[in-house]
Amino acid sequence: MPDATGLELLAQELGDAHADAVLGTEHFRGHAAIHVAPQAIREVLEFLRTKGYTALASVHGVDYWPDEPRLGVQYHLLDMRAVDRVAVKLRVRAEDPEVPSVTPRWPTADFQEREVYDMFGVVFDGHPDLRRILMPEDYEGYPQRRDFPVGGEPVLFTHHEVQGRDYTIGTNPETDT
C-alpha cells in the first residue's frame, strides 16, 4: 500500500482529475484508504486502474450506526505489479442508500454488490441483476445492519413440529415434557 505521503499524492492527483471526488484520506496501521463521494465511484476506480490498480479484490458493506451517513461500501484494489493495495471508501444515508454499480467495468463486483445489497440494503444503480443472493427473495430486512434484532428468527427444524409454531426446543411449555 502507498505510504502516507504516496497516498496523499495519489489523492491529490485524483482530486485534480475529478473535482469534488475525494473527501479525505486515511492511513491507519499500514492500510491506505481514499474516502470518495458516492456518485464519483466509477470515475475514481477507473482513474486508479490507470495508476496500476487493475484488480478489484473485494467489495464490502459496513454499517456505522448510529453515525450518519450510516452505510458504507469499501472497494479494495490491488496493483499486482507493484504488489500494492488501496481501499476506496464511501458512505451513504440509510434513507437513500444508492451507489452507482461498478459491475459493468469490474465484473468481479457482480456477486459482491449483490451481497452488500442483500445484507445491508445498499442499492447499486445500473447493476445487471440486483437481487438477493444469500437470503430468500421474500425476506424482509437486512441482517448485517447493526439495528437488526439480535437472535433473528427461530430456527425451524421439521423434527420439532410437534412443539407447534415455535420449533425451538424448550420454549413451548404446552408441548415440552
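A residue counts as buried when its relative accessible area is under 20%.

**Figure 1. Overview of the predicted chain.** The model shown is predicted. Buried residues make up 39% of the 177 residues in the chain. Three helices and seven strands are present. Read from the N terminus, the elements run α-β-β-α-β-β-β-β-α-β. The accessible surface is about 10,400 Å². Carbon and sulfur atoms account for 53% of that surface. Take the contacts between residues at least 6 apart in sequence: 49% of them join residues at least 24 apart.

**Figure 2. The buried side of helix α2.** Helix α2 covers residues 41-50. Its buried residues are I41, V44, L45, F47 and L48. These residues lie on the same side of α2, because they cover an arc of only 160° around the axis. What do the buried residues of α2 pack against? Their partners are helix α1 (4-17) and the strands β2 (31-36), β4 (71-79), β5 (84-92) and β6 (98-100). After α2 comes G52. The phi of G52 is positive, near 110°.

**Figure 3. R70 and its two acidic partners.** R70 forms a salt bridge with D63, and R70 also forms a salt bridge with D147. In the bridge to D63, the closest N and O atoms are 2.8 Å apart. In the bridge to D147, the closest N and O atoms are 2.8 Å apart as well. The R70 and D147 pair links distant parts of the chain, 77 residues apart. R70 is in the loop between β3 (55-63) and β4. D147 is in the segment after β7 (123-125). Which of these residues are buried? Both R70 and D63 are. R70 has a relative accessible area of 6%, so R70 falls under the cut-off for buried. D147 has a relative accessibility of 44% and therefore counts as partly exposed.

**Figure 4. A salt bridge between D118 and R132.** The side chains of D118 and R132 meet at 2.3 Å, N to O. D118 lies in helix α3 (residues 109-120), and R132 lies in the segment after β7, so the pair ties together parts that are 14 residues apart in sequence. Are these two residues buried or exposed? D118 counts as buried because its relative accessibility is 0%. R132 counts as buried because its relative accessibility is 9%.

**Figure 5. A network of shared partners.** E46, R49 and R105 are joined into one network by salt bridges that share partners. How many salt bridges does the structure hold? The count comes to 11.

**Figure 6. Arginines over aromatic rings.** Two views show an arginine placed over a ring. In one, R91 lies over the face of Y64, at 3.9 Å from the ring centre. In the other, the charged end of R114 sits over the ring of F111. Here the distance to the ring centre is 5.3 Å. As for rings that pair with each other, the structure holds one aromatic pair.

**Figure 7. Cis peptide bonds before P66 and P69.** Most residues other than glycine have a negative phi, and most peptide bonds are trans. The bond that joins W65 and P66 is cis. Its omega is about 10°. Where is P66 found? P66 is in the loop between β3 and β4. The bond from E68 to P69 is cis too, with omega near -10°. P69 is also in the loop between β3 and β4. R70, seen in Figure 3, belongs to this loop as well.

**Figure 8. Positive phi at D20 and R29.** D20 is a residue other than glycine, yet its phi is positive, near 70°. D20 sits in the loop between α1 and β1 (22-28). D20 counts as exposed because its relative accessibility is 70%. R29 is another residue other than glycine with a positive phi, near 50°. R29 sits in the loop between β1 and β2. Is R29 buried or exposed? R29 is exposed, because its relative accessible area is 73%.

Note on methods: Residues numbered from 1 in each chain as written. Predicted model: local features only at pLDDT ≥ 70, side-chain atom pairs only at ≥ 80, totals over all residues. Heavy atoms only, no water. Phe/Tyr/Trp six-rings, centres within 6.5 Å; stacked < 30°, edge-to-face > 60°. Lys NZ or Arg CZ within 6 Å of the ring centre and 35° of its normal. Buried < 20%, exposed > 50% of the residue type's maximum accessible area, 1.4 Å probe, protein only. Helix = DSSP H or I, 4+ residues; strand = E, 2+ residues; numbered from the N terminus. Arc of directions from axis to C-beta. Contact = heavy atoms within 4.5 Å. Salt bridge = Lys/Arg side-chain N within 4 Å of Asp/Glu carboxyl O. Areas by Shrake-Rupley, 256 points an atom, 1.4 Å probe, with all protein chains shown as cover.
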